[in-house]
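Trainee: Could you take me through a close look at the ligand site in this model? I would also like to see how the parts around it are packed.

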Amino acid sequence: MKAQYDVVVIGGGPAGLAAALAAEENGAKSVCILERAKVLGGILQQCIHNGFGLHVFKEELTGPEYAERFINRLAGTNIEVLTGAMVLGFLADRTIFVMQRENGYMTIKAGAIVLTMGCRERTRGALGIPGTRPAGVLTAGAAQLYMNIEGYTIGKRVVILGSGDIGLIMARRLTLEGAEVLGVYEVLPYPGGLNRNIVQCLNDYDIPLYLSHTVADIRGDKRVEQIVVAKVDEKRQVVPGTEKEIDCDTLLLSVGLIPENELSRQAGVVIDPRTSGPVVFENMETSIPGVFASGNVVHVHDLVDYVTAEGQRAGANAAKYVLRAGAESAAKTVQVKNGKGVRYTVPQQIRPDQVEKSVEVFFRSTEIFKDVTISVNSGGSLIAHFSREHMAPGEMEKIILPKAFLEKIGGELEVSVTKEEAV
Ligand SMILES: Cc1cc2nc3c(=O)[nH]c(=O)nc-3n(C[C@H](O)[C@H](O)[C@H](O)COP(=O)(O)OP(=O)(O)OC[C@H]3O[C@@H](n4cnc5c(N)ncnc54)[C@H](O)[C@@H]3O)c2cc1C
């Protein structure tokens, strides 16, 4: 290990791998990936189902296969990899503190940092589900780790709360392993995951999906014995009299992911409360000059292909930052706001004079929409619009704004969904 690198990438998942490769391709002379796990690949290593890489490789790969393609590319490079290396913190001057079994406590200085620490799952504690505290209540990702990496069965009669993609994928996985999945219960009136996962993971296996439902009680002494499900009203409160008891031994929670930003917060990176990730510019730079971010640490992605693209953008721009020895001043910064029907936008800030040709703005809708227009307004006037036949909160949306267009507008633009017809 060196004491100084041009670019240090924190996290070796798909975002980190893409960022490191792009940093070297764009001229960084020394690049290092710090990964706390024993192997690179991040969450992909436990996602043994297929469906990865449709955009990047034009074929359906499993998570480990997708990761392997990028890990293999490291072989022809000078990129250094330190696994089993937990980053404990970093400072705004880009000093990084790392702990690793073989090397102990280390301090590394970086010309630029790329944050790619991914997400963690929301747990029972965050939801405050009442009841006893028996074994058998797991997050879907933890269940995936036990089954796909450690080789354990996690239960025989399973109820899943939350229809996020991980929960849907685990419903199918558990069924294939011989467990009985009694149902997937979702508090919202629409499913949380991708439509393709509803079809391929629930419908194909006759697993029922109950919308506007929640778990009202967990019962059991040592192990889960029974849970109580109930309908909820529009304020997500249990509707009295709708409670139903289900005998089961396992409750899986797939109730959301939280970007892993403890390191970012400690260092003073400005966090967007809408995404729980760093506020970023068009080049994926955070509020701290020379500190970039990409992947699930910025916002929860639906497809890994977008994570890879974002990682490439962050890594390339981190290298450019090092080569020009500092930040470039911008004549104008456009603040990107979310209007009606839009939950958040990434990036949140655009410097038009630093845009090469165009900027991709990613966002999620607040509800399911049919036959709508995505409107971009600035200074009270409509300046661009895009039509969509279907939008759902589970699927990321993207619009492309050209540089020439961004140069003409004032200091703010708002993205909203209009002419909507909520279903
Ligand atoms: C169950 C599941 C199913 C999915 N299915 C699909 C699918 O079918 N198709 C698809 O395209 N996408 C799918 N995705 C989405 C895709 O896998 C993720 O969007 C992608 O893996 C996120 O990449 P990332 O690099 O941002 O984060 P991660 O893959 O989570 O990687 C983050 C890395 O950072 C490391 N790290 C964190 N903190 C530190 C620290 N302090 N020090 C050092 N290292 C640290 C972690 O150990 C981890 O390796 C799925 C995701 C999940 C969870």
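Mentor: Happy to; we will start at the ligand and then follow some helices and loops.

Keep in mind that this is a predicted model. Let us begin with the ligand itself. Which residues are the closest to the ligand? They are A15, E35, I43, N296 and V304, from a total of 32 residues that surround the ligand. Three of these five residues also make backbone contacts with ligand oxygen atoms. For A15, a backbone N or O atom lies 3.0 Å from an oxygen atom of the ligand. For I43, a polar backbone atom is 2.9 Å from a ligand oxygen. For V304, a backbone N or O atom is 2.8 Å from an oxygen atom of the ligand. How much of the ligand does the protein bury? Taken alone, the ligand exposes 1000 Å², and the protein buries 94% of that.

Now look at where the shell comes from. The elements that each give two or more residues to the shell are α1 (14–25), β3 (50–52), β6 (85–90), α5 (165–176) and α8 (304–323). Strand β6 supplies the largest share, 3 residues. Sorted by class, the shell has 17 nonpolar, 11 polar and 4 charged residues.

Some of these shell elements also help to cover other helices, so let us follow them outward, starting with α2. Helix α2 spans residues 63–73, and its buried residues are G63, Y66, A67 and F70. Seen down the axis of α2, these buried residues fall within an arc of 95°, so they line one face of the helix. A general rule helps here: an α-helix has 3.6 residues a turn, so residues three or four places apart point the same way. The cover over the buried residues of α2 includes α1, β3, β4 and α8. Of these, α1, β3 and α8 are among the elements you met in the ligand shell.

Next comes α4, residues 140–150, where A140, G141, A143, Q144, M147 and N148 are buried. Down the axis of α4, the buried residues fall within an arc of 155°, so they too line one face of their helix. Their cover includes β9 (119–121), β10 (137–139), α5 and β17 (250–253). Just after α4, G151 takes a positive phi of about 80°.

Helix α5 turns up again at α6, because it is included in what covers the buried residues there, along with β12 (180–185) and β13 (209–210). In α6, residues 195–202, the buried residues are N197, I198, C201 and L202. They fall within an arc of 105° down the axis of α6, so they line one face of that helix.

Let us return to β6 and step into the loop that follows. R94 sits in the loop between β6 and β7 (95–100). Is R94 buried or exposed? R94 is buried, with a relative accessible area of 17%, which is below the 20% cut-off for a buried residue. Leaving out residues up to four places away in sequence, R94 touches I108, K109, A110, G111, A112, I113, P289, G290, V291 and Y321. With P289 there is also a polar contact: the side chain of R94 reaches the backbone oxygen of P289 at 3.2 Å.

Another buried loop residue is T275, found between β19 (271–272) and β20 (277–278). Its relative accessible area is 7%. The side chain of T275 reaches the backbone nitrogen of G277 at 3.1 Å. Beyond its neighbours within four places in sequence, T275 is in contact with P259, V298, H299, Y344, V346 and Q348.

V346 brings us to a backbone feature: the peptide bond from V346 to P347 is cis, with omega near 5°. P347 lies in the loop between β23 (342–346) and β24 (349–350). As background, most residues other than glycine have a negative phi, and most peptide bonds are trans.

Two more loop residues are worth finding on your screen. K58, in the loop between β3 and β4 (61–62), has a phi near 60°, a positive value in a residue other than glycine. K58 is exposed, with a relative accessible area of 67%. R236 also has a positive phi, about 65°, although it is not a glycine. You will find R236 in the loop between β15 (226–231) and β16 (244–247).

Terms used
Residues numbered from 1 in each chain as written. Predicted model: local features only at pLDDT ≥ 70, side-chain atom pairs only at ≥ 80, totals over all residues. Heavy atoms only, no water. Near = heavy atom within 4 Å. Polar contact = N/O pair within 3.5 Å; in protein donor to acceptor, adjacent residues only side chain to side chain. Areas by Shrake-Rupley, 256 points an atom, 1.4 Å probe, with all protein chains shown as cover. Helix = DSSP H or I, 4+ residues; strand = E, 2+ residues; numbered from the N terminus. Nonpolar A, V, L, I, M, F, W, Y, C, P; charged D, E, K, R; others polar. Buried < 20%, exposed > 50% of the residue type's maximum accessible area, 1.4 Å probe, protein only. Arc of directions from axis to C-beta. Contact = heavy atoms within 4.5 Å.
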